[in-house]
Amino acid sequence: MKTYLFYGDSVTEAGRDKENIFDLGHGFVYFLDQTFKDINFMNKGIGGQRVKDLIIRLDADVIQMKPDVCFILIGVNDAWLPYRLNQKSSLQTFRGDLKHLIKEIKNISGFLYFTSSIILRCPFI
């Protein structure tokens, strides 16, 4: 059975219990799991996260899980959170961090663990 891992922020998290690796939350990952019984789904979303946070937790939340497909859904907090916190941010920073994240997944895994694809979804860009 293939494993699809969803990696991102609160849009992905959808109220999941982060202490329970099998909890899918109450959002789209849960509904995908209810619809496609021949795929194992994992939810690694954490609310408030930005690309730089995904880079920090990459090994524990993605690489060690050895998914067949990794869906990256990130960007909302990169767009608005720095302005709310009076931090500098730019599209170039976001783009650079995102490229770094994808490069790290490819380099670390060597696609030995990722037998299929990285699916990237950036809302609002």
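Here are some exercises with worked solutions on a predicted model.

**Exercise 1. Work out how the rings of Tyr4 and Phe71 are arranged, and which parts of the chain the pair links.**

Step 1: start with the geometry. The ring centres of Tyr4 and Phe71 sit 5.7 Å apart. A pair needs centres within 6.5 Å, so Tyr4 and Phe71 qualify with their 5.7 Å.

Step 2: check the angle. Planes under 30 degrees apart would be stacked and over 60 edge-to-face, with the rest tilted. The planes of Tyr4 and Phe71 are at 50°, so this pair is tilted.

Step 3: place the two residues. Tyr4 belongs to strand 1 (residues 2–8) and Phe71 to strand 3 (residues 69–73). They are 67 residues apart, and the pair links distant parts of the chain.

Step 4: look at burial, where the cut-off for buried is under 20% relative accessible area. Phe71 has 19%, so it counts as buried. Tyr4 has 21% and is therefore partly exposed.

Step 5: zoom out. The structure holds 6 aromatic pairs. Tyr4 and Phe71 also belong to one aromatic cluster, together with Phe6, Phe28 and Phe41.

**Exercise 2. Find the salt bridges of Asp61 and describe the surroundings of this residue.**

Step 1: locate the residue. Asp61 lies in helix 4, and with a relative accessible area of 13% it is buried.

Step 2: take the Arg57 partner. The closest N and O atoms of the Asp61–Arg57 salt bridge are 2.6 Å apart. The side chains of Asp61 and Arg57 are also joined by a polar contact of 2.6 Å. Both residues are buried.

Step 3: take the Lys44 partner. Here the closest N and O atoms of the salt bridge with Asp61 are 4.0 Å apart. Since Asp61 is in helix 4 and Lys44 in strand 2 (residues 39–45), this pair ties together parts that are 17 residues apart in sequence. Lys44 has 6% relative accessibility, so it is buried.

Step 4: join the pieces. Lys44, Arg57 and Asp61 are linked in a network of salt bridges.

Step 5: add the contacts. Leaving aside residues up to four places away in sequence, Asp61 touches Leu5, Tyr7, Lys44 and Ile46.

**Exercise 3. Compare how accessible the two partners are in the salt bridge between Glu13 and Lys18.**

Step 1: set the count. There are 3 salt bridges in the structure, and one of them brings the side chains of Glu13 and Lys18 together at 3.5 Å, N to O.

Step 2: classify the acid. Glu13 has a relative accessible area of 13%, so it is buried.

Step 3: classify the base. Lys18 has a relative accessible area of 42%, so it is partly exposed.

**Exercise 4. Say how strand 1 and strand 2 run relative to each other, and how covered strand 2 is.**

Step 1: get the direction. Strand 1 and strand 2 run parallel, and 7 bridges join them.

Step 2: pick out one bridge partner. Phe6 is partnered by Asn43 in strand 2. Phe6 has turned up already, as a member of the aromatic cluster with Tyr4, Phe28, Phe41 and Phe71.

Step 3: count the covered residues. In strand 2, 6 of the 7 residues are buried, so the strand is mostly covered. Lys44, from Exercise 2, is in strand 2 and is buried at 6% relative accessibility.

**Exercise 5. Explain what is noteworthy about the phi angles of Ala14 and Lys66.**

Step 1: recall the background. Most residues other than glycine have a negative phi.

Step 2: read off Ala14. Its phi is positive, about 50°, although Ala14 is not a glycine. The residue sits in the loop between helix 1 (10–13) and helix 2 (28–35).

Step 3: read off Lys66. Here too phi is positive, near 50°, in a residue other than glycine. Lys66 lies in the loop between helix 4 (58–61) and strand 3. At 46% relative accessibility, it is partly exposed.

**Exercise 6. Set the sequence separation of Lys106 and Ile63 beside their distance in space.**

Step 1: place Lys106. Helix 6 (residues 91–109) contains it, and Lys106 is partly exposed at a relative accessible area of 42%.

Step 2: give both separations. Lys106 and Ile63 are 43 residues apart in sequence, while their C-alpha atoms are 9.9 Å apart in space.

Conventions
Residues numbered from 1 in each chain as written. Predicted model: local features only at pLDDT ≥ 70, side-chain atom pairs only at ≥ 80, totals over all residues. Heavy atoms only, no water. Helix = DSSP H or I, 4+ residues; strand = E, 2+ residues; numbered from the N terminus. Buried < 20%, exposed > 50% of the residue type's maximum accessible area, 1.4 Å probe, protein only. Polar contact = N/O pair within 3.5 Å; in protein donor to acceptor, adjacent residues only side chain to side chain. Contact = heavy atoms within 4.5 Å. Pairing = 2+ DSSP bridges.
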